[in-house]
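Hi there,

Here is the structure I promised to pass on. Have a look at it first, and my notes follow underneath.

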Amino acid sequence: MAGKPRRLAVAQRDRFQQLQALDDAIAWRQARIAASCPGCQPGPDGRRCGDHACDLDLIAAYRQMAAATIRHLSEPASQLSVAGGVSGSRDIACQGL
Ligand SMILES: [Zn+2]
């Protein structure tokens, strides 16, 4: 089973890429909301038009997905700690986010 740690690393890399994509998507949506819009009421608490209300909903969804991805990132680390022995598990746990 020499390929197993590599598979875990790939899975972890995919999750980091997913986090990066979510981060980019959140930044893009926030830039859309920050732009002036005749359909939105002014101010941070102003009522948003349909498009920008959708942006706000998506930002909330992306943040939830990012939080779930971060939680999943700790799962392979705990599996790796079994392979690395007891002394290594504490180091891996402390590398968390
Ligand atoms: Zn708007």
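**What I found**

Let me start with one residue: Arg 15 counts as partly exposed because it has 17 C-beta neighbours inside 10 Å. (On this scale a residue is buried if 20 or more other C-beta atoms lie within 10 Å of its own, exposed if 12 or fewer, and partly exposed in between, with C-beta atoms placed from the backbone.)

Please keep in mind that this is a predicted model, where local features need pLDDT of at least 70, side-chain atom pairs count only at pLDDT 80 or more, and totals for chains, interfaces and linings use all residues. Residues are numbered from 1 along each chain as its sequence is written.

Back to Arg 15, which sits in helix α1, residues 4-34. Helices here are DSSP runs of H or I with at least four residues, strands are runs of E with at least two, and both are numbered from the N terminus. Beyond its neighbours within four places in sequence, Arg 15 has contacts with Thr 69, His 72 and Leu 73; a contact means that the C-beta atoms of two residues, placed from the backbone, lie within 7 Å. From Arg 15 to Leu 73 the C-alpha distance is 6.9 Å, although 58 residues separate them in sequence.

Leu 73 comes up again with Gln 12, another residue of helix α1. Their C-alpha atoms are 6.3 Å apart, with a separation of 61 residues along the chain. Gln 12 is partly exposed, because it has 16 C-beta neighbours inside 10 Å.

Now for helix α2, residues 50-94, where Asp 57 is placed. Asp 57 is exposed, since 12 other C-beta atoms lie within 10 Å. Its C-alpha is 9.9 Å from that of Arg 29, 28 residues away in sequence. Met 65 also belongs to helix α2, and is partly exposed with 16 C-beta neighbours inside 10 Å. Between Met 65 and Leu 19, 46 residues apart along the chain, the C-alpha separation is 8.5 Å.

As for the whole protein chain, the secondary structure consists of 2 helices and 0 strands. Of its 97 residues, 1% are buried. Among contacts between residues at least 6 apart in sequence, 54% join residues at least 24 apart.

Finally, a word on confidence. The chain has an average pLDDT (the predictor's confidence in each residue, from 0 to 100) of 79, and 73% of the residues score at least 70. Over residues 80-97 the pLDDT is below 50, and this stretch has 13 contacts in the model beyond near neighbours in sequence.

Best wishes
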